[in-house]
Structures are given as C-alpha cells and as structure tokens.
Amino acid sequence: MATTSTSGPILEWLVIAPDFEGALDKRLSVRPKHLEGLAGDADTFWLWGGAMLEEPIKEGDTAPPQMKGSAMLIGARTKEEVVERLQRDVYVTGKVWDWEKVQIIPFKSALRKAL
C-alpha cells in the first residue's frame, strides 16, 4: 500500500543506489522489468536516472557496460514516498541494489538539462 502524500510541494531527492557485489548478470536479466515499472509512475517522479559505471564506455565497445549501481533524481513530497517506491522496484526485490547502502539525500537542482 502506497504511503504517498497528496499535499505539499514536490521536492527533489538525490538517490545513490550501489549494486550488490557481482550483481551485473542479475541486473541485466531484470532490467526490462525495471524499466517497465518506471512507466507506471507519475511523470514528476523520475526526473533523471541511470547506471553508475566502473569506467566510461569506450567508442565501438559492444560489450555491456560494467555497471555498479544507479544514481537518480526523484521528485516526491516526502522521503517516505521515495523509500516506499524504491522498495517495490525489482532492483530491490531482485537483490540488485544493496538496500542497506542506498542513500536518499534532499537535493535542490541549480541546473538540469539533457545531453
């Protein structure tokens, strides 16, 4: 059951979600389900996000990048709303993100723009 609040301003939350050691294969196998799940959330929830990499992707490299976690900016009214949604994500339930090491940090963007 969602514990989201319907009043108050939407605030920004910077989330750093490291993967469990050796979770790359698991991450890749549940990634389609993870991305599907994002589509069901409000447009204001996922402001940006993506994989943290061990090293930059090299031009012409066709191997999957060596991902070690995720970083994202979330729009939500409360930290509890962020926690509740993340704990339902397949990356948490499927033991990709190491929930004990996830950081949820109040944030205020000075600048946001797409590449």
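**Exercise 1. Surface and overall form**

Task: State how much accessible surface the chain has and what share of it belongs to carbon and sulfur atoms.

Solution. Step 1: in this predicted model, the accessible surface of the chain comes to about 7700 Å². Step 2: carbon and sulfur atoms hold 55% of that surface.

Task: Decide how the radius of gyration of the chain stands against that of a compact globule.

Solution. Step 1: for 115 residues, a compact globule would have a radius of gyration near 13 Å. Step 2: the value for the chain is 15 Å, which agrees. Step 3: for the extent along the principal axes, the C-alpha trace spans about 45 × 30 × 25 Å. Step 4: of the 115 residues, 33% are buried.

**Exercise 2. Order of the elements**

Task: Find how many helices and strands there are in the chain, and in what order the elements run.

Solution. Step 1: the chain has three helices and four strands. Step 2: read from the N terminus, the order is β-α-β-β-α-α-β. Step 3: turn to contacts with a separation of 6 or more; 78% of them are between residues 24 or more positions apart.

**Exercise 3. Charges**

Task: Find how far apart the mean positions of the positive and negative charges are.

Solution. Step 1: the chain carries 15 positive and 17 negative charges. Step 2: the mean positions of the two sets are 3 Å apart.

**Exercise 4. Arg-85 and helix H2**

Task: Is Arg-85 buried or exposed, and which side chain does its own side chain join in a polar contact?

Solution. Step 1: locate Arg-85 in helix H2, residues 79-88. Step 2: the relative accessible area of Arg-85 is 5%; the cut-off for buried is under 20%, so Arg-85 is buried. Step 3: the side chain of Arg-85 makes a polar contact of 2.8 Å with that of Asp-41. Step 4: beyond four places in sequence, Arg-85 also touches Gly-37, Leu-38, Phe-45 and Trp-46, among other contacts.

Task: List the buried residues of H2 and the elements that help cover them.

Solution. Step 1: Glu-81, Val-82, Glu-84, Arg-85 and Leu-86 are the buried residues of H2. Step 2: their cover includes the strands E1, E2 (46-53), E3 (67-76) and E4. Step 3: the helices H1 (24-38) and H3 are also part of that cover.

**Exercise 5. Gly-69 and Pro-18**

Task: Work out whether Gly-69 is buried or exposed, and which residues Gly-69 contacts beyond four places in sequence.

Solution. Step 1: Gly-69 lies in strand E3. Step 2: the relative accessibility of Gly-69 is 0%, so this residue counts as buried. Step 3: the contacts of Gly-69 are Ala-17, Pro-18, Asp-19, Arg-27, Gly-50, Ala-51 and Met-52. Step 4: take Ala-17 from that list; its C-alpha atom is 5.5 Å from that of Gly-69, though 52 residues separate the two along the chain.

Task: Find the C-alpha separation of Pro-18 and Val-96.

Solution. Step 1: Pro-18 belongs to strand E1, residues 11-18. Step 2: Pro-18 and Val-96 are 78 residues apart along the chain, and their C-alpha atoms are separated by 8.4 Å. Step 3: Val-96 is one of the residues Pro-18 touches; others include Met-52, Gly-69 and Trp-97.

**Exercise 6. Phe-107, Glu-100 and Lys-95**

Task: Classify Phe-107 and Glu-100 by relative accessibility.

Solution. Step 1: Phe-107 is in strand E4. Step 2: its relative accessibility is 35%, so Phe-107 counts as partly exposed. Step 3: Phe-107 touches Glu-12, Trp-13, Leu-14 and Leu-73, leaving out residues up to four places away. Step 4: Glu-100 sits in the loop between H3 and E4. Step 5: the relative accessibility of Glu-100 is 73%; the cut-off for exposed is over 50%, so Glu-100 counts as exposed. Step 6: the C-alpha atoms of Glu-100 and Trp-13 are 17 Å apart.

Task: Say where Lys-95 is found and what phi it has.

Solution. Step 1: Lys-95 is in the loop between helix H3 (90-93) and strand E4 (103-107). Step 2: the phi of Lys-95 is positive, about 65°, although this residue is not a glycine. Step 3: for comparison, most residues other than glycine have a negative phi.

Terms used: Residues are numbered from 1 along each chain as its sequence is written. This is a predicted model: local features need pLDDT of at least 70, side-chain atom pairs count only at pLDDT 80 or more; totals for chains, interfaces and linings use all residues. Side-chain values use heavy atoms; hydrogens and water are left out. Helices (H or I, at least four residues) and strands (E, at least two) are DSSP runs, numbered from the N terminus. The radius of gyration is taken over C-alpha atoms; the globule rule is 2.2 Å times the number of residues to the power 0.38. Buried means under 20% relative accessible area, exposed over 50%, partly exposed in between (1.4 Å probe, protein chains only). Contact means heavy atoms within 4.5 Å. Accessible areas come from the Shrake-Rupley method with a 1.4 Å probe; for residues, only the protein chains shown count as cover. Lys and Arg count as positive and Asp and Glu as negative; His and the chain ends are not counted. The place of a charge is taken as NZ of Lys, CZ of Arg, CG of Asp or CD of Glu. A polar contact is a pair of N or O atoms within 3.5 Å; within protein, one must be able to donate a hydrogen and the other to accept it, and residues adjacent in sequence count only if both atoms are side-chain atoms.
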